[in-house]
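This briefing introduces a structure to a reader who has not met it before. Please look over the sequence and the model shown here, then read the points that follow.

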Amino acid sequence: MKPVEYRRLTKLELPQIKRLWGELNKIHSVDSVHFKEHYNTFSFEKRSEAWLKLPDNNFHLLVAETEGSTLVGYCVSTFDTNLKGEIDSLFVDPAFRQQGIGRTLMQKSMNWLQNNQCSPIRLTVSYGHESVLVFYQRLGFYPRLTALEWKNTN
């Protein structure tokens, strides 16, 4: 197990997670049952647009990196003007899983949201990617709603 350090990045440093985000997007594309085309055409730049529009104080990007400064995981969390918090995106390189990195990224991000008085704190899981539910439930997240999205099949 290689030592991992955690540090916060600014919005201007978002491009540093592009490779990892791309890996997550590929997983969502494979797992997706009804919206593969969304993930196949979804770009990091498009995803980053919403994050870049947020006030700096409402955006938190935490990364995990090895001694060689290789990023092996990240967590993006945000909150809106009503203090509704969200874990927007989480990914750990498969070669570094089962080492507590995802749990640490989540816990530190949750602490940031709680320190900002956020309530509720939510996250979404793409349909077809339910394999992550046990991980999130261990951290205190439970299904509350099922959101459906209309898909024009014409």
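**Helix 4 and its surroundings**

The model described here is predicted. The buried residues of helix 4 pack against five strands and a helix: strand 1 (4-9), strand 2 (59-66), strand 3 (71-79), strand 4 (85-92), strand 5 (121-123) and helix 5 (133-138).

*Helix 4 in detail*

- Helix 4 spans residues 101-115, and its 15 residues reach 21 Å from the first C-alpha to the last, close to the 21 Å expected at 1.5 Å a residue.
- The buried residues in helix 4 are Ile101, Gly102, Leu105, Met106, Ser109, Met110, Trp112 and Leu113.
- These residues lie on the same side of helix 4, because the arc they cover around the axis is only 160°.
- In general, an α-helix has 3.6 residues a turn, so residues three or four places apart point the same way.
- Glutamine 117, which follows helix 4, has a positive phi, near 60°.

*The chain as a whole*

- The protein chain contains five helices and five strands, arranged along the sequence in the pattern β-α-α-α-β-β-β-α-β-α.
- Of contacts between residues at least 6 apart in sequence, 64% join residues at least 24 apart.

*Size and surface*

- The radius of gyration of the protein chain is 16 Å, which agrees with the value near 15 Å for a compact globule with 154 residues.
- Along the principal axes, the C-alpha atoms fill a box of roughly 50 × 35 × 30 Å.
- Buried residues account for 38% of the 154 residues.
- The protein chain exposes about 9,800 Å², of which carbon and sulfur atoms supply 51%.

Note on methods
Residues are numbered from 1 along each chain as its sequence is written. This is a predicted model: local features need pLDDT of at least 70, side-chain atom pairs count only at pLDDT 80 or more; totals for chains, interfaces and linings use all residues. Side-chain values use heavy atoms; hydrogens and water are left out. Helices (H or I, at least four residues) and strands (E, at least two) are DSSP runs, numbered from the N terminus. The expected span of a helix is 1.5 Å times one less than its number of residues. Buried means under 20% relative accessible area, exposed over 50%, partly exposed in between (1.4 Å probe, protein chains only). The arc is that of the directions from the helix axis to the C-beta atoms. Contact means heavy atoms within 4.5 Å. The radius of gyration is taken over C-alpha atoms; the globule rule is 2.2 Å times the number of residues to the power 0.38. Accessible areas come from the Shrake-Rupley method with a 1.4 Å probe; for residues, only the protein chains shown count as cover.
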